[in-house]
Amino acid sequence: MLRRLTILGLIILLFSCSQVEPPAPVLPLPTERQLAWHELEYYAFVHFNMNTFTNMEWGLGSEDPKLFSPSELDCRQWARVAKEAGMKGIILTAKHHDGFCLWPTATTGHSVKNSPWKDGEGDVVQELADACREYDLKLGIYLSPWDRNNAEYGNQKYIEIFRAQLKELMTNYGDVFEVWFDGANGGTGYYGGANEERRIDRKTYYDWENTRKIVRELQPMACMFSDAGPDIRWVGNEEGWAMKTNWAPIRRDEFYPGSPNYAELRTGHEDGTHWVPAEVDVSIRPGWYYHASEDHKVKTLPHLLDIYYNSIGRNASLLINFPVDTRGLIHENDAEQILKLAAAVKADFANNLAKDKNAEATNTRGNSKAYKAENIVDGNPDTYWATDDSVVSASVIIDLGEPTEINRFLAQEYIPLGQRVKKFSVDAWVNNDWKEIASETTIGRKRILRLDNITTSKVRLNILDAKACPLISNIELYKAPKVLVEPELRRDKEGIVSISAFDSGLDIYYTMDGTEPGNTSAKYDKPFLLNEKATIKAVAIDPETSNLSEVSTAEFDIVKNKWSLLGTLKSDENSAKILDGDENTAWNISGEKPCDVLIDLGEKVNVSGFKYLPDQGRWNPGIIFNYEIYVSNDGKNWGKAKSAGEFSNIRNSPVWQTKSFEPVEGRYIKLRAISPAEENGRMGIAEFDIITK
C-alpha cells in the first residue's frame with residue numbers, strides 16, 4: 001500500500017512539474033475586434049462619390065446632386081474584382097468632404113435621393129452591402145467628419161447631424177468591420193451658401209469620446225480608424241508603405257485627427273500605451289477619385305508588389321483604393337493590374353518549404369512541449385515557441401533536410417500576448433557555416449523579407465533583443481518565382497540604349513528589325529549605342545523556367561546628340577529635360593503664350609512629323625492643347641506651318657501624341673505652343689521627337 005502511494009505521489013509530482021506557467025502578457029494587448037481585423041490583412045477602398053463626376057479630389061460642397069448620374073453602377077462588379085484579388089472587404093466613401101451622401105439620409109437633401117440615378121430611389125451603400133454579402137466580403141464605411149455643404153458645420157447642431165448620419169450607417173446595413181474617420185477637418189467651403197472659411201478645434205469639436213460610443217454600441221466588432229485610432233491608425237503617408245520598424249502600440253493620447261506629429265505613426269512607439277496597429281492606405285492610381293487623365297497611370301505590377309511587401313510584410317494591413325469611374329465600375333485597367341498582383345502573390349507563397357520540418361531552439365520555456373520549437377512550423381496560429389522569462393535573446397533553427405533554394409522569409413509573433421521583438425537576424429547554412437542574410441528590427445503580426453536567392457539546408461532565426469521572452473508562432477520559407485514584366489527600354493540624348501528588367505536573374509533578348517524577340521535573338525548584357533532609326537523589341541526570360549514576359553516595343557528615330565535648344569530655352573536649365581529621354585522629367589512654363597520651342601537638329605533631315613509627350617506631373621502639369629509646327633533651313637525663315645491644330649482629348653489622356661505631315665527638308669524645328677489644355681494652366685513638354693522619312 002505504501003509503495004502504491006509513493007508511486008502515485010511521484011506521478012503527481014512529475015505531472016505538476018510539467019505544468020509550465022504561460023508567458024505573462026506584455027502590454028498593451030489587442031482587443032478581440034482588433035485580432036479579428038488583423039486576420040483580414042488586405043481589403044479594398046472605393047472612392048466613388050460626387051467628385052467622380054466633377055473631376056475633383058475634394059469637392060467644395062456646392063455641387064448639384066443632379067451631377068451624380070452613373071450609367072452602369074454595379075457594386076457586384078466591385079465585389080467580384082475584390083474577391084478575385086484576394087481581398088477580404090470593401091470600405092466605401094459613403095460621404096466625402098463635399099457632404100454628398102450615397103444613401104438616402106434623413107439628415108440632408110444633399111444625397112442620392114435628389115439625384116437622377118434611379119430617379120432618386122437608389123442607395124449605393126445598400127447595393128454594396130448586398131454585394132458584399134453575396135461575395136462573402138466585409139463591409140466598411142468611410143464617413144467624413146468634415147462637411148463643406150452643411151450650413152451648420154462648425155456649430156453644435158452639426159455634431160447632432162453627423163451623429164445621426166453615423167447612426168443610420170451603423171444601423172441599416174448589417175455588420176460593419178471598419179469605420180473610417182478622415183483627418184481633414186475644417187477650412188473653406190460652401191456651407192449652405194456662406195462660401196467662407198470655418199476652422200474648428202480638431203481635438204474637441206466632434207466630442208470624439210461620445211461620438212465613438214455610437215459605433216461601440218451599434219457595431220461592437222467594428223474597428224475605428226483615424227490618426228489617433230482608437231483601434232487602427234493611419235500609417236503617416238498615402239504612398240503604400242510602413243517603416244521597417246513598425247510597432248502596433250502607440251502613445252495614443254498624443255494624437256488626434258489631423259495631428260501634426262503624424263510622421264511618428266509610421267513606426268509606432270516601442271513604449272506605446274495602446275494597441276493601435278497601422279493601416280496602409282494607397283490608391284491604385286495617383287488620385288483617390290477617378291480621372292480619365294490617369295487611365296495610363298495605374299500602378300504597375302512591380303510597384304504593387306513593393307506596396308504589398310512594404311505594408312503586409314511590415315506588420316500593417318493593406319487598403320488599396322479603386323477610383324470607380326463615371327460608369328460606376330472599377331476601370332478595366334485597374335482590375336487588370338490588381339489581378340496581376342493577386343496572381344503574383346499567390347505564386348510567391350505557393351509552397352511553404354518550412355512546413356512540418358524539424359526545428360530546434362537554444363532555449364525552450366521550461367523545457368515544455370507546449371512551447372517547443374516545432375510550433376513555429378506546424379501551421380497552427382494558436383501555438384508558439386517561447387523562451388524562459390529571463391531569456392530575451394535566443395535562436396531557433398529549421399532543418400530543411402537537403403539543400404533548398406529560398407528567397408522569402410516570413411515570421412509572426414503571437415500577438416494576443418503583445419508585440420515583443422525589438423531586433424532579429426536571419427542566417428542560412430552555406431558551405432558548412434552560418435551566413436547572415438538579413439538583419440531587421442520588429443516582427444509583430446507578420447514580417448516578410450524579400451531575399452536574394454540562396455541555397456541552404458538550414459535557416460536560423462536569431463532573436464537579438466526583445467521587450468520580454470519572445471513568442472514566435474510561425475515561420476515560413478518560400479522560393480518565389482521571378483517577376484516577369486515587359487522590360488523597360490530607354491535611349492538617352494547621346495543614343496545610348498539601356499534595357500532593364502524588374503527582377504534580378506532574368507535574361508533579356510531584343511531585336512532591332514521589328515521581329516518578335518526570343519532566346520535566339522541578341523542577348524542584352526550592357527547599354528549600347530544606337531545612332532540610327534530602329535524599332536527595338538525586348539523580352540525578359542527566366543532561364544530556369546523558360547517563361548517569357550510580355551514584349552516591350554520602342555520606336556527610335558534619329559539620335560539627338562547633335563540637337564540643341566535655341567532662343568529663351570537655351571538659358572533655361574530645365575529645358576534640357578525635353579530631350580533627355582526620361583518621360584518622368586519635364587520642362588514647363590506658365591503665363592507666356594504663345595510660346596516657341598526652337599530646336600537646332602544639327603544637320604538637315606527629311607522631317608515628316610513629330611511626337612510630343614506632355615508633362616506627366618500630377619498637380620497642374622504642363623499640357624499643350626493648340627499648336628503649330630514649323631520647319632526651317634536657316635532658323636530665320638519659317639514659312640507656313642507644316643501642321644497645326646489641337647491635341648484632342650489630351651487633358652484626359654496625356655499620352656504620346658503623334659502628328660504627321662508631307663515630308664520637308666530642314667535643320668530647324670519650331671513648336672509653337674499656342675494655348676494650354678487647362679484655362680490659365682501651364683504648358684510643358686516631357687519629351688519631344690521628330691519623325692524622319
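Two strands count as paired when DSSP finds at least two bridges between them. With that in hand, let's walk through this predicted model, starting with a parallel pairing close to the start of the strand numbering.

**Strand 1 and its partners**

Strand 1 covers residues 42-46, and five of its five residues are buried, so the rest of the structure largely encloses it. On one pairing, strand 1 runs parallel to strand 2 (residues 89-95), with three bridges between them. If you want a spot to click on, A44 stands opposite I90 in strand 2. Strand 1 also runs parallel to strand 12 (residues 317-322), this time joined by five bridges. There, V46 has F322 of strand 12 as its bridge partner.

**L137, a loop residue**

I90 turns up again in the surroundings of L137. L137 sits in the loop between helix 5 (124-134) and strand 3 (138-143). Is L137 buried or exposed? Its relative accessible area is 9%, and under 20% counts as buried, so L137 is buried. Setting aside neighbours within four places in sequence, L137 touches A79, A82, K83, M87, K88, G89, I90 and C132. For a sense of scale, take E555, which lies 418 residues from L137 along the chain: the two C-alpha atoms are separated by 45 Å.

**Strand 19 and its partners**

Strand 19 (residues 471-478) is another enclosed element: eight of its eight residues are buried, so the rest of the structure largely surrounds it. Its pairings with strands 14 and 15 are antiparallel. Strand 14 (residues 385-386) contributes two bridges to strand 19, and A386 is matched there with L471. Strand 15 (residues 394-413) pairs with strand 19 over six bridges, and Q412 stands opposite N474.

**An open four-stranded sheet**

Further along the chain there is an open sheet of four strands in the order 23-22-25-26, with antiparallel pairing. Which strands stand at the edges? They are strand 23 (522-524) and strand 26 (552-556); each has a single partner strand, so one side of each lacks a neighbour in the sheet. On average, neighbouring strands here are turned by 30 degrees against each other, direction ignored. Inside the order, strand 22 (residues 507-511) and strand 25 (residues 534-541) are antiparallel over five bridges, with Y510 facing A538 as its bridge partner in strand 25.

Here are the pairings side by side:

| Strand pair | Sense | Bridges |
|---|---|---|
| Strand 1 and strand 2 | parallel | three bridges |
| Strand 1 and strand 12 | parallel | five bridges |
| Strand 14 and strand 19 | antiparallel | two bridges |
| Strand 15 and strand 19 | antiparallel | six bridges |
| Strand 22 and strand 25 | antiparallel | five bridges |

**The chain as a whole**

Zooming out, the secondary structure comes to nine helices and 34 strands. The C-alpha trace spans about 125 × 70 × 45 Å along its principal axes. Of the 693 residues, 55% count as buried. Counting contacts between residues at least 6 apart in sequence, 73% join residues at least 24 apart. The accessible surface comes to about 30000 Å², and 47% of that belongs to carbon and sulfur atoms. As for charge, the chain has 80 positive and 102 negative charges, and their mean positions are 1 Å apart.

Conventions
Residues numbered from 1 in each chain as written. Predicted model: local features only at pLDDT ≥ 70, side-chain atom pairs only at ≥ 80, totals over all residues. Heavy atoms only, no water. Buried < 20%, exposed > 50% of the residue type's maximum accessible area, 1.4 Å probe, protein only. Axes fitted to C-alpha atoms, helices over the stretch in contact; angles between N-to-C directions. Contact = heavy atoms within 4.5 Å. Areas by Shrake-Rupley, 256 points an atom, 1.4 Å probe, with all protein chains shown as cover. Lys, Arg positive; Asp, Glu negative; His and termini not counted. Charge placed at Lys NZ, Arg CZ, Asp CG, Glu CD.
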